[in-house]
Amino acid sequence: MNDSKFATQLTAQIGEEFAAYQQYLAVAVHYDALALPQLAGFFYAQAREESGHARMMVQYLLDTDQPVRLPAVVGPKNDFEGVVEPVELAVAQEKRVTEQIHELSRIAREENDFAAEQFMQWFIREQVEEVATMNDLLTVARRSEDDLNSIETYVARDITIGETDPTAPKQAGAA
């Protein structure tokens, strides 16, 4: 069983997704400590989503008979100033992940790996949504930095948390 270039890069992406999980968990804890339950809940849900993405990638490797090796992850940033900085970090992180997903898709295409290319399509759609959601949240956070209840109201009213996508790839360990 040899690693394809796609499988090698997907393995690295699993580490990126688990690092994003930890980063969003750190952001959630920051907002929890500030008694901002809507923001905290949103980022706890984002953390679960990132972990799910990593497990989707693990399942894909298992399904395609590729070796699975969980990479080490870089520790998260834990200290933030105020409410805007963590969202700025989230926007930058989602944009970076989008570039990584595009690169994975490019590799799949170059290798004529049609299954891998099809697998990545869900992630491409997901990243469009993630970047748009984080950009909108950043706009609201910047505009309402001095009115935290407005940010909380926005998150409660306008951001859907925990919605299941029936087209999502299967996660390793999911029932």
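**Warm-up**

Buried residues account for 45% of the 175 residues in the chain, where buried means under 20% relative accessible area, exposed over 50% and partly exposed in between (1.4 Å probe, protein chains only). Before you start: this is a predicted model, so local features need pLDDT of at least 70 and side-chain atom pairs count only at pLDDT 80 or more, while totals for chains, interfaces and linings use all residues. Residues are numbered from 1 along each chain as its sequence is written, and side-chain values use heavy atoms, with hydrogens and water left out.

**Exercise 1. Work out the fold and the confidence of the chain.**

Step 1: count the elements. There are 5 helices and 0 strands, where helices (H or I, at least four residues) and strands (E, at least two) are DSSP runs numbered from the N terminus. The order is α-α-α-α-α.

Step 2: check the overall size. The radius of gyration is 17 Å, close to the 16 Å from the globule rule for 175 residues, so the chain is as compact as a globular protein of that length. (That radius is taken over C-alpha atoms, and the rule is 2.2 Å times the number of residues to the power 0.38.) The C-alpha trace spans about 55 × 30 × 25 Å along its principal axes.

Step 3: look at pLDDT, the predictor's confidence in each residue from 0 to 100. The chain has a mean of 95, and 99% of its residues reach 70 or more. Helix 3 (residues 84-110) has the highest confidence at 98, and helix 5 (residues 148-158) the lowest at a mean of 95.

**Exercise 2. Find how aromatic rings link helix 1 and helix 2.**

Step 1: apply the rule. Rings of Phe, Tyr and Trp (its six-membered ring) pair if their centres lie within 6.5 Å; planes under 30 degrees apart are stacked, over 60 edge-to-face and the rest tilted. That yields 7 aromatic pairs.

Step 2: take Tyr-24 and Phe-43, a tilted pair at 5.5 Å centre to centre with 50° between the planes. Tyr-24 sits in helix 1 (residues 5-33) and Phe-43 in helix 2 (residues 37-63), so the pair ties together parts 19 residues apart in sequence.

Step 3: add Tyr-31, which also makes a tilted pair with Phe-43, at 5.7 Å and 35°. Here, too, helix 1 meets helix 2, with the partners 12 residues apart.

Step 4: check burial. Tyr-31 counts as buried because its relative accessibility is 0%, and Phe-43 is buried at 0% as well.

Step 5: look elsewhere for a cluster. Phe-6, Tyr-60, Phe-119, Trp-122 and Phe-123 form one.

**Exercise 3. Describe the two largest pockets.**

Step 1: set the terms. On a 1 Å grid over the protein atoms alone, a pocket is an open set of points where a 1.4 Å probe fits, with protein on both sides within 12 Å along at least five of seven lines; lining residues have an atom within 4 Å of a point. Grid points are joined across faces, edges and corners, and a volume is the space filled by probe spheres set on the points.

Step 2: do the largest one. Its volume is about 690 Å³. Of its 25 lining residues, Glu-49, Glu-126, Gly-162, Glu-163 and Thr-164 are the closest to the centre. Helix 2 gives the largest share of this lining, 9 residues.

Step 3: do the second largest pocket, with about 150 Å³ of space. Its lining includes Glu-16, Gln-23, Arg-96 and Gln-100. Helix 1 and helix 3 are the elements that give two or more residues to this lining.
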